[in-house]
Amino acid sequence: MKPLSRTPVRGQAVLLALLCAAELAAFGADEPAWDFEKFHQAFPDPGGVLRTSQSGKAGLEPALAFCRESEKPARNNRELRKRLLAAWRELLGPGARNRGPLAVAVLETRDEPEFVRRKIEYTGDPGERIRAWVFIPKGTRGRMPAMLCLHQTARSGKDQCAGVDEFKPELAFGPELAKRGFVTLCPDAISFGERFSGGAFFCHYGDAAQLYRNTPGRGVLSKMTDDAQRAVDVLEAMPEVDRRRIGCIGHSHGGYGTLCAMAFDQRIKAGVVSCGFSCFRPDPRPERWFRRTALIPRLSRFEGQVENIPVDFHHLFAALAPRPLFISAALQDRIFPNFGDPEWLARDTKAVYARENAADAFELFAFPGGHAFTPEATARAWAFLDKHLKP
């Protein structure tokens with residue numbers, strides 16, 4: 001690992017901003033491909049590495065033991081949650097959540113037997129328009145529960161979640177949950193669907209250069225988290241939605257998107273994650289987060305030293321307590337192999353939930369098989385959502 005900079009923190013931020021402005025041309029403002037080395041040269045990391053009780057350990061420590069160096073373990077879940085979210089924010093990079101007008105526009109409407117489907121557009125970051133599918137159930141009185149549906153790594157983006165793209169019909173969360181009485185919103189993630197900027201697919205994370213130019217240090221997963229909060233704003237503004245019963249669901253790319261969305265938006269009251277993580281330490285390819293994509297560029301600080309990453313995914317689960325969380329994880333997942341010991345992860349997370357008498361609000365379903373939202377996982381997920389989000 002490179003030596004830490006001794007430049008004062010404020011000086012580091014100013015220096016990085018100047019470098020971003022001066023060196024963006026070296027990366028290429030219109031460059032569609034993700035090239036980590038080129039990106040890192042144009043946007044050097046100012047350094048500074050958080051050290052916690054998890055740092056330096058090859059195995060996962062109990063989430064309840066988490067603390068920064070020189071601190072004692074948290075006395076309660078509120079204090080623990082604050083520490084965990086601060087550590088994850090440091091890893092993800094800063095957010096830039098827009099709280100301005102949504103300016104929602106309806107682009108098209110289609111009447112179906114069990115729901116009304118709309119295509120809408122709204123403002124994400126200032127000046128950025130995001131498109132999404134909305135499904136509103138028919139035959140239901142009063143305000144309804146709602147689900148934010150986040151798609152996997154599919155070029156079609158929101159269309160797959162909406163069932164417009166039939167490549168993975170089991171991932172068409174939007175219409176299926178609408179049939180079950182949920183208002184659903186299926187937006188395009190950055191670089192997908194109608195937000196795809198061109199170039200060879202899977203190289204599309206070159207968009208991260210624009211994020212860094214606007215907000216130094218902001219990774220794609222941080223941007224996805226901001227976008228999820230804007231999507232919740234859209235749901236809250238709908239007269240059909242009960243603001244107290246908003247959940248989030250996602251498979252793969254949408255799975256870790258769901259975890260981060262819940263972590264940084266308390267308005268999301270329940271979540272379903274399918275094949276959406278692999279703990280950093282047992283992951284044979286942790287470079288997926290910074291070399292293969294631009295999701296968490298700051299993880300490059302720990303390349304070859306995964307044991308020094310200050311937090312891991314089980315800490316993120318703990319940060320969500322006591323809100324209901326269902327995780328489906330494949331034991332032969334080739335996308336996220338060796339995600340961790342499922343029995344240990346379930347036991348560790350339930351210990352955090354138990355401090356708020358909510359151990360039953362966490363469920364980890366590990367199944368033999370590959371990267372998929374299986375029929376059994378689906379049935380369990382729907383029962384979980386009915387239990388926790390319906391009256």
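**Group meeting: salt bridges and helix packing**

Arginine 291 has a relative accessibility of 31%, so it counts as partly exposed. The band for that label runs between 20% and 50%. I start with this residue as a way into the charged pairs. Everything I say refers to a predicted model.

What does arginine 291 form a salt bridge with? Its partner is glutamate 303, and the closest N and O atoms are 2.7 Å apart. The two residues lie twelve residues apart, and each of them sits in the loop between β7, residues 268-274, and α9, residues 313-319. The record of this pair is one of linking distant parts of the chain. Glutamate 303 is at 39% relative accessibility, so it is partly exposed as well.

In total, the count comes to 39 salt bridges. As general background, side chains of opposite charge can pair when their charged atoms come close. I will go through two further pairs and one network.

The next pair is inside a helix. Glutamate 79 and arginine 83 form a salt bridge, with 2.8 Å between the closest N and O atoms. Why are these two separated by about one helical turn? Because they are four residues apart in helix α3. Buried or exposed? Glutamate 79 and arginine 83 are both buried.

The third pair is aspartate 227 with arginine 195, where the closest N and O atoms are 3.0 Å apart. Here, too, distant parts of the chain are linked: aspartate 227 belongs to helix α7, residues 220-237, while arginine 195 is in the loop between β5, 183-187, and α6, 208-214. They are 32 residues apart. Aspartate 227 has a relative accessible area of 8%, so it is buried. For arginine 195 the value is 11%, so this residue is buried too. The cut-off for that label is under 20%.

Now the network. Salt bridges link Arg97, Arg230, Asp233, Glu236, Arg243, Asp265 and Arg267. I pick out one member, aspartate 265. Where does aspartate 265 lie? It is in the loop between α8 and β7. Its relative accessibility is 4%, so it counts as buried. Setting aside neighbours within four places in sequence, aspartate 265 is in contact with Gln229, Val232 and Arg323.

That brings me to α8 itself, residues 253-264, and the helices that pack on it. I take α3 first, residues 77-92. The axes of α3 and α8 are 11 Å apart, and the angle is about 125°. That angle makes α3 oblique to α8. The crossing is left-handed. From α3, Leu85, Trp88, Arg89 and Leu92 make the contact; from α8, Cys260, Ala263 and Phe264 do. Sorted by class, this gives six nonpolar residues, one charged and no polar.

Then α7. The axes of α7 and α8 come within 9 Å of each other and cross at roughly 65°. The two helices are therefore roughly perpendicular. Their crossing is right-handed. On the α7 side the contact involves Leu221, Met224, Thr225, Ala228 and Gln229; on the α8 side, His253, Tyr256, Gly257, Cys260, Ala261 and Phe264. How many of these are nonpolar, polar and charged? Seven are nonpolar, four are polar and none is charged.

Two α8 residues appear in each list. Cys260 and Phe264 contact α3, and Cys260 and Phe264 also contact α7. Gln229 has two roles as well: it is part of the α7 contact with α8, and it is one of the residues touching aspartate 265.

Last, some backbone details. In general, most residues other than glycine have a negative phi, and most peptide bonds are trans. This model has some departures from that. Serine 252 has a positive phi, near 60°. It sits in the loop between β6, 241-251, and α8. At 6% relative accessibility, serine 252 is buried. Asparagine 338 also has a positive phi, about 55°, and is in the loop between β8 and α10, residues 342-354.

Which residues are joined by a cis peptide bond? They are alanine 321 and proline 322, with omega about 10°. Proline 322 is in the loop between α9 and β8, 325-330.

That is the end of my part.

Methods. Residues are numbered from 1 along each chain as its sequence is written. This is a predicted model: local features need pLDDT of at least 70, side-chain atom pairs count only at pLDDT 80 or more; totals for chains, interfaces and linings use all residues. Side-chain values use heavy atoms; hydrogens and water are left out. Axes are lines fitted to C-alpha atoms, for helices over the stretch in contact, and angles run from 0 to 180 degrees between N-to-C directions. Angles under 35 degrees count as roughly parallel, over 145 as roughly antiparallel, 65 to 115 as roughly perpendicular and the rest as oblique. A crossing is left-handed if the near helix is turned anticlockwise from the far one by less than a right angle, and right-handed if clockwise. Contact means heavy atoms within 4.5 Å. Ala, Val, Leu, Ile, Met, Phe, Trp, Tyr, Cys and Pro count as nonpolar, Asp, Glu, Lys and Arg as charged, and the others, Gly among them, as polar. A salt bridge is a side-chain nitrogen of Lys or Arg within 4 Å of a carboxyl oxygen of Asp or Glu. Buried means under 20% relative accessible area, exposed over 50%, partly exposed in between (1.4 Å probe, protein chains only).
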